[in-house]
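Work through the exercises below with the model in view. Each task is followed by its solution.

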Amino acid sequence: MMSMRLFALINIILRNLLRQRRRALIAIFSVAFGIAALAVANGYIAWMFYDFREATIESQYAHIQVTRPHYHEEGRADPFRFLLPDDSAAAPLAQLAHVRAWGPRLAFTGLLSKGETTLSFIGEGFDPATDLTGDRALRIVAGSRLSAGDPNGILLGKGLALQLGAKPGDAVVILVDNPGTGLSAIEARVAGIFESVSKAYDDGAILVPIQAARRLLKVSGAHSWLVYLDDTDNTAAVAEALRRGLDARQFEVRTWDQLAEFYARAVELFRQQLDVVRFIVFAIILLGIGNTMMMSVMERTGEIGTMMALGIRRSAVLNQFLAEGALIGVLGGLLGVLLAGMIGIAVDAMQIEMPPPPSLTRGYQARILLTPAIAAEALGIAVVTTMLASLYPAWKASRMEIVDALRKYR
Amino acid sequence: MRCVNTGEYPMQGLLKLALRNIFRHRGRTAMTLASIVFGVVALILAGGFIEDTIIETGEATIRSNTGHVQVARRGYWEYGSQQPERYLSDDVEDLRRQIAAIDGVADVMFRLSFSGLLGNGRSDWSIIGEGVEPEREARLASYLTVVSGRRLTAQDRFGMMIGAGVAKALKLGAGDTASLLVSTPGGATNLLDFEVVGVFQTFSKDYDARAVRISLAAAQELLATPGAQLGVVLLKDTAATPGVADTLRQRLTDKGFEVRTWQDLDLFYNQTVTLYRQQFGFLTGIILVMLLLSVSNTVNIGIFERVSEFGTMMALGNRAARVFGLIVTESVCLGLIGSLLGVVIGTALAWAISQVGIAMPPPPNADQGYVSKVLIVPGVIVLAFATGLLAAVVASLLPARRVSRMQIAEALRQSV
């Protein structure tokens, strides 16, 4: 019985929409356009966040870092108090599910000389075999990557290399002043010059094989173990497993989202701006659809009078107009998502290179990441807006005096 | 000669008729106006907000560190600070007098920068140090806040201010002693102890992470040189930057100097501007198309309700062109009224919002949040007005053409 009535309602609505084809089409298209604009904006920003997130993880923080407790707050001021044990202690890391690779890092600062010129640097020792392997993690702009068998190679940040006047193949001297054990220096050969996402980092950074860093600092451990996963979504689960497996008094486990402050802030700022765009689109759809629904009601005053004169209840009239709004919303929303999908394909095909965002060195390719969540949200907004927009006219229609309404029939 | 699209009547008659038609359909007119007004207001607010962000970013850049214009020996920015031949001159006072004589210049200050290691006894941190003239810098750096301790003075021969990032890395605070290791241009290394007098924070976290400031005299002693490398020019008004930079280039290029403005120096500012311009372009596009659809919706409905009216007009001898003109005029009136209303409301709102201010979170590279305003920008207002009007006019063209081409008999038959 219920479904029969629903079917009848849908039937009437469809007929009404078909009867007023042009108006229905305009209404549907304005919803579709608004929804497409919203979904494209959302999808573009989702892609930007995704790309930015993966780049941040691969090139800067890895998915998870294991350190001595409070290393991130106090380690730089007193690095020798926060040394991790030998690499053999980290062997269980590699056994965990979802772990793609891991590597030790040893941080140090010192002076780098080439000929007469000396500059200070912030350096890190890493394992070239497992760490910073892809082009996305570390982009070499001149020379080559460090090979695992070359303990005397060194990579220079782009800005640092420029200031030092160093090219691949040049010999440089690394000087480190260790409290306690005094100065130590090694000679190294510039293997390559890298550019990371951050210009400020490139202006003062060097990377050396971990053996060289250990030789400089006269230690055998590391400051952090960087763990790379197969998929960012597994971060929380693996971090949890690590925390369970490691003694909390000796080790601290942090995930990339606890470390990547810049990423978190950029996301926060963009969210705000996106909310403004969303509100504007929402309001314009509301006004546009409200307009259409209003016209529809006014024009059909006579029809409404006839309906009510035939004994149809006010609530049924209200429901019918609301349902018409909802149907326009669903159709427009679906069309809008479809349109957004097509725009996404077009944008992919055009391979649009975007300029680098503030304080980053690298641009990125614009893409539209249309996740199911974004599509569902757009569809939901479409239905809610159109129903809201038809609320007032529908209510007005159902409040009409039957006699007055009938008299409007010319 | 007769004007074609006014038909039998003068233009004035058309306008009057159009206005009457608009006010006859009060509900519809209100809805359409609401869409146009909303779109125009949204554009004015968004545009004003973005303009404010851009200007604010610029001022933050200038007032944190860079100043309006910088002067250095040619090649300084490419090849860095280490080569001794990059020094400005031994007699910086003479250069200061030359630059200060230029109209619009408020002050000129000199800096001597160096790269070194700052140590706390347990660890070192790679820093970029600057010898500065503290009193003059204080006038420039209104965006530089002292987090703890005090500002540097010219009397501090062995005092230093350090960036918040440096202080955090080495766990140093006001009153602590730190050792500074630098290599002099001659190739020797020099180690001096300094007392931290204050910790500062600017708009750029990257800068704070490595910045150390000592007095120019102390830096000259440390590096064993009487000179400086960088002349920083503070202007009375940011808008005068290109003019002063041009004057400086004319006078100094021959003498082996290079002149850069704050916009040339700060990558962050340029990237921010590009990003915001893109966003605003996207928003304008959306609003334009949404308005187009919204207005064409109203116009369409209005027109098809009034087909018999137009049929009657044409049957009475009005030309098709006049019907076309009437419909378009109605839309133009709607667009004008809506856009004007939008401009008035948008400007008033922008003013009101600016009185209160919008609290913004800190940008990704900074620690300080700020209060944003919505500027009233003539360019944005013109753009918003034009967008509203354009949407209204374009939306009416197609339906107007269709109606004016109808067969009179058929149009008349539409009346029930």
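Angles here run from 0 to 180 degrees between N-to-C directions, and axes are lines fitted to C-alpha atoms, for helices over the stretch in contact. The model is predicted.

**Exercise 1. Helix packing in chain B**

Task: State at what angle helix 2 of chain B and helix 11 of chain B pack, and classify the pair.

Solution:
- Step 1. Locate the helices. Helix 2 of chain B covers residues 26–66, and helix 11 of chain B covers residues 267–305.
- Step 2. Read the geometry. The two helices pack at about 175°, and their axes lie 10 Å apart.
- Step 3. Apply the cut-off. Angles over 145 degrees count as roughly antiparallel. Helix 2 of chain B is therefore roughly antiparallel to helix 11 of chain B.
- Step 4. Sort the residues of this contact. They comprise 16 nonpolar, 13 polar and four charged.

**Exercise 2. Domains of chain B**

Task: Give the domains of chain B and describe the interface of domain 1 and domain 2.

Solution:
- Step 1. Set the bounds. In the domain assignment, domain 1 of chain B is 4–61 + 270–413, and domain 2 of chain B is 75–255.
- Step 2. Place the centres. Taken over C-alpha atoms, the centres of these two domains are 52 Å apart.
- Step 3. Count the contact residues. Domain 1 of chain B supplies nine, and domain 2 of chain B supplies eight.
- Step 4. Take the area. The two domains of chain B bury about 940 Å² between them, with 48% of it on carbon and sulfur atoms.
- Step 5. Check for salt bridges. The rule finds zero across this interface.

**Exercise 3. Domains of chain A**

Task: Repeat the analysis for domain 1 and domain 2 of chain A.

Solution:
- Step 1. The assignment gives 2–56 + 264–407 as domain 1 of chain A and 69–250 as domain 2 of chain A.
- Step 2. Their centres, over C-alpha atoms, are separated by 51 Å.
- Step 3. Eight residues of domain 1 of chain A touch 11 residues of domain 2 of chain A.
- Step 4. About 860 Å² is buried between these domains, and carbon and sulfur atoms give 44% of that area.
- Step 5. The salt-bridge count between them is zero.

**Exercise 4. Chain A against chain B**

Task: How many residues are in contact between chain A and chain B, and how many salt bridges are counted?

Solution:
- Step 1. Contact involves 65 residues of chain A and 68 residues of chain B.
- Step 2. The chains bury about 5900 Å² between them, 65% of it on carbon and sulfur atoms.
- Step 3. Two salt bridges are counted between chain A and chain B.
- Step 4. Asp78(A) and Arg122(B) form a salt bridge through their side chains, at 3.5 Å from N to O.

Key: Residues numbered from 1 in each chain as written. Chains lettered and ligands numbered in written order. Predicted model: local features only at pLDDT ≥ 70, side-chain atom pairs only at ≥ 80, totals over all residues. Heavy atoms only, no water. Helix = DSSP H or I, 4+ residues; strand = E, 2+ residues; numbered from the N terminus. Parallel < 35°, antiparallel > 145°, perpendicular 65-115°, else oblique. Nonpolar A, V, L, I, M, F, W, Y, C, P; charged D, E, K, R; others polar. Domains from an automatic or database assignment. Contact = heavy atoms within 4.5 Å. Buried area = accessible area lost by both parts, 1.4 Å probe. Salt bridge = Lys/Arg side-chain N within 4 Å of Asp/Glu carboxyl O.
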